[in-house]
Amino acid sequence: MKKRILSLALCIIMLFSMNATAFAAEDTEVAAVADEGAVTFEVTPTPYAAGSNRHSIGSLNAFFGEDDLVAESTIGSFTIRSSSVPAGATITKIVVTSSKSSGSTGNIVLYVAKDEDNGDGTFDRYIDNQTWASSLTFSDFGNYGLSAAGTYYVQFASTRYSTGMIAAATLKNVYVTVYYR
């Protein structure tokens, strides 16, 4: 009787000390036998928690010549190393926040790009754009199963309303947050 209880207790302790992610993706039932009947434990594997990785780009500047209607900004970039995110983490969305300098007039379109390694030494570049607002959410990056690790780029194109003197457009305090699961 004592051996049976000790054996049952050790089985239960080992069951709870195992990492739940080691089980298959399907629910697993484990039955433990006791004197009065069977007790069933349901173990559901839990995926790693969703997270985010935030990067400061600083300021992006675009300069208009005297007769230019469109100017492209400098390119800001950053890299998320594979050691900074869980293995297999994929992008769910990218959020960019910024403020526009008071002298920046006209329409500004913000571009976000990510290089994706194809595993054969070549890369694809995924690009999305939106008209500037102080906070932009790029959800399309979550549709492709892209790795959270890799190199990201941010740039904007500004269109001014009329030609004239030399001018500049600036986005300040640009932050890019990559959300992943």
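1. Before looking at the β7–β8 hairpin, one term: two strands count as paired if DSSP finds at least two bridges between them. Keep in mind, too, that this is a predicted model.

2. With that in hand, start at β7 and β8. They form a hairpin with 5 residues between them, and in the turn Gly119 has a positive phi of about 85°. The two strands, β7 (residues 107–117) and β8 (residues 123–131), run antiparallel and share 9 bridges. One spot to click on is Glu116, which stands opposite Asp124 in β8.

3. β7 also pairs with β10 (residues 150–159), again in the antiparallel sense, over 8 bridges. Here Ala113 has Tyr153 of β10 as its bridge partner. As for cover, 8 of the 11 residues in β7 are buried.

4. Next, have a look at the open sheet. It has 4 strands in the order β3-β11-β6-β9, with antiparallel pairing. β3 (51–64) and β9 (135–138) are at the edges with a single partner strand each, so one side of each has no neighbour in the sheet. On average, neighbouring strands here are turned by 20° against each other, direction ignored.

5. Within that sheet, β6 (residues 91–100) meets β9 over 4 antiparallel bridges. Val95 is a handy marker, as its bridge partner in β9 is Thr137.

6. Thr177 sits in β11 (residues 167–180). Is this residue buried or exposed? Thr177 is buried, because its relative accessibility is 9% and the cut-off for buried is under 20%. Setting aside neighbours within four places in sequence, Thr177 is in contact with Ser52, Asn53, Arg54, Lys93, Ile94 and Val95.

7. Now the rings: the whole structure has 2 aromatic pairs. In one of them, Phe78 and Tyr152 have ring centres 5.0 Å apart and planes at 10°, so they are stacked. Phe78 belongs to β5 (residues 76–80) and Tyr152 to β10, so the pair ties together parts 74 residues apart in sequence. Phe78 is buried at 9% relative accessible area, and Tyr152 is buried at 1%.

8. Tyr126 and Tyr144 have ring centres 5.2 Å apart and planes at 35°, so this pair is tilted. Tyr126 is in β8 and Tyr144 in the loop between β9 and β10, 18 residues apart. Tyr126 is partly exposed at 25% relative accessibility, and Tyr144 is partly exposed at 48%.

9. Last, two charges over rings. Lys93 lies over the face of Tyr179, 4.8 Å from the ring centre. Arg125 lies over the face of Tyr153, at 4.3 Å from the ring centre.

Technical notes: Residues numbered from 1 in each chain as written. Predicted model: local features only at pLDDT ≥ 70, side-chain atom pairs only at ≥ 80, totals over all residues. Heavy atoms only, no water. Buried < 20%, exposed > 50% of the residue type's maximum accessible area, 1.4 Å probe, protein only. Axes fitted to C-alpha atoms, helices over the stretch in contact; angles between N-to-C directions. Contact = heavy atoms within 4.5 Å. Phe/Tyr/Trp six-rings, centres within 6.5 Å; stacked < 30°, edge-to-face > 60°. Lys NZ or Arg CZ within 6 Å of the ring centre and 35° of its normal.
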